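These are my notebook entries on a structure I examined by domain, by residue and by interface. They follow the order in which I looked things up.

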Amino acid sequence: MIQVERLTKQYGSVRAIEKISFGVGRGEIVGLLGPNGAGKTTTMRVLTTYLSPTSGRAVLAGHDVLDEPLAVRRKVGYLPENVPLYHEMRVKEYLRYRARLKDVPRSRRRLAISEVVSRCRLSDVEQRLLGHLSRGFRQRVGLAEAMVHDPDILILDEPTAGLDPIQIREVRNLIQELGDRHTILLSTHIMSEVEAVCGRVIIIARGRIAIDEKLERLRLEKAILVEARGPAESIRNVLAGIDGVRGVRITSRDAGISGFELQTHGGDDVREAVCQKLTTNGWILRSLELRRSSLEERFVEAVTGDGVAPSEVEAI
Amino acid sequence: MRHVPTLLARELGAFFLGPMAYIVLMAFEVIALLNFWELVDALSQPQREFSSVRDPMTTYVSASPLFWFSILVAVPLLTMRLIAEERRTGTIETLLTMPVSEAEIVLSKWLAGVLMYLALLVPFAVYLPFLYFQARYYFDLGPLLSLGIGLTTMGMMFVAIGLMFSALTRNQIVAAVWTFVVLFLMVVLTLLLYFYGARQQAGWAEAVRFLAVYVQVRAFGQGQLDLRTIALHLSVCVFALYLTVKILETGRRR
């Protein structure tokens, strides 16, 4: 549904996003995760044709954002950050206006509007002025507007920002419901949100993709914490040579005792191999601990730049 | 272009549902009242004011400083919010990500501006039937028609210029000031420049005179429907609209 290849967007001399590539298949719910200023909003703005890319390609539902912007916009529903609305319009009036601009045929318009109104639970505020609505309702109006023309793809920029916990849960449930009919790309910087809603996560840091992985695989990944006595560098090299180890990081180093953190591929348990390697080299193993690496750790790791994911190595 | 009516309806709705439209209309009504007072006064003393008896429209509208002052202030006020406000509130993002082309957006905003501008001229028209039917002063209808056409094409040009400045910035005040400066140049400075050039007997004075909007509209008020002037107004208008579309398009390439 969404194909992005080596997409770059430059504002003057600042690179907002740099050669990012990813694909999203039909029916997937993908979370775009990253700290503020990482390039999430820029990516979404390029995908919705609000900004044009400096270089690279983005194809949505078979249409290129540069060659056929109008066709792309017809296939995409977009909820911008902070949900800008016309304050002097009423909810239903606004939805009718948008439906007309989005070429919902006259015969289907009434039905389409009443459907999004009930899906987003807006029936109580139908006749209220948009400027008088609370944050949560504005968010829902934005969502209703994004999907009023039944687009194949929904792009939601921080759909739960500024909501209270109950509203967050409602919006999340709504997004999950929508997942059966639409392909959804949503951005957030709340980790638990991704875990609750998305099937896949793409972590962006400093304009590059740091991680692009299915959530279940991320959950499977394990980190192994090792503490051993011996020369830190040589131990690290040996550990890195073990099958199934993706990366080794020295976490502490004092008085001949060093701590290591091993990242493994797809849930391989390499504890026995680690123990064997250390003892054959004559180093003393002080502790060996298996820990599931949570999304949050992966996120921090990716953002602070300690680890480089294989996908990014390929991209470079 | 099928989205234009929908977009236009929203623009006009935003304008006429707020208090702004009625405040400006009220001010114009007062100005029209003052001008009409002056006109009736002049007409009741025909011996002293021969020229105005011949061209009541000139006294009433096209030579009235008050009229020009209010047009120069009102047009920037009308056009400043058209695009700048969408930029400030961010609604431009939802607008430009819909299956609507930039040309459609610009055209409907311009049309809305022109309709608002024409609405401002209505107060001036309100008094004329009284003069014609009540006071039985049977003025020529020809000059009234040519003045109407001239003011319309002038307004189309002014609104297009205002719209262009509104597209350039997210600050409405900046848009209004720029529009005011350009309109002021077109109306007043060209006139002053012409007087200056004429005193020096310079060749370019005639060219400046042709460009002076004040002179153009005065000629319309005297019943001279100069097609060259109309062509000038319309081509400036089309050029400004074209630039506005380009400004919106390059905004994506920032």
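Entry 1, domains. I took the centres of domain 1 and domain 2 of chain A over C-alpha atoms and found them 43 Å apart. The model I am reading is a predicted one. I noted the bounds in chain A as 2-216 for domain 1 and 222-292 for domain 2.

Entry 2, A:Gly259. I located A:Gly259 in strand β13 of chain A, which spans residues 257-264. Is A:Gly259 buried or exposed? I record A:Gly259 as partly exposed because it has 17 C-beta neighbours inside 10 Å, whereas a buried residue needs 20 or more and an exposed one 12 or fewer. Beyond the neighbours within four places in sequence, I listed A:Leu225, A:Glu227, A:Thr251 and A:Ser252 as contacts of A:Gly259. I also checked A:Gly259 against A:Leu79: the C-alpha atoms lie 46 Å apart, and the sequence separation is 180 residues.

Entry 3, helix α11 of chain A. In this helix, residues 295-304, I found A:Leu295, A:Arg298, A:Phe299, A:Glu301 and A:Ala302 buried. They lie on the same side of α11(A), because the arc they cover around the axis is only 165 degrees. On the face turned away from the buried side I noted the exposed residues A:Glu296 and A:Thr304.

Entry 4, the interface. I recorded 21 residues of chain A in contact with 20 residues of chain B. On the chain B side, α1 (4-16) and α6 (91-96) each supply at least two residues. The largest share there, 4 residues, comes from α6(B). I classed the chain B residues that touch chain A as 9 polar, 6 nonpolar and 5 charged.

Definitions and conventions
Residues numbered from 1 in each chain as written. Chains lettered and ligands numbered in written order. Predicted model: local features only at pLDDT ≥ 70, side-chain atom pairs only at ≥ 80, totals over all residues. Domains from an automatic or database assignment. Contact = placed C-beta atoms within 7 Å. Arc of directions from axis to C-beta. Nonpolar A, V, L, I, M, F, W, Y, C, P; charged D, E, K, R; others polar.
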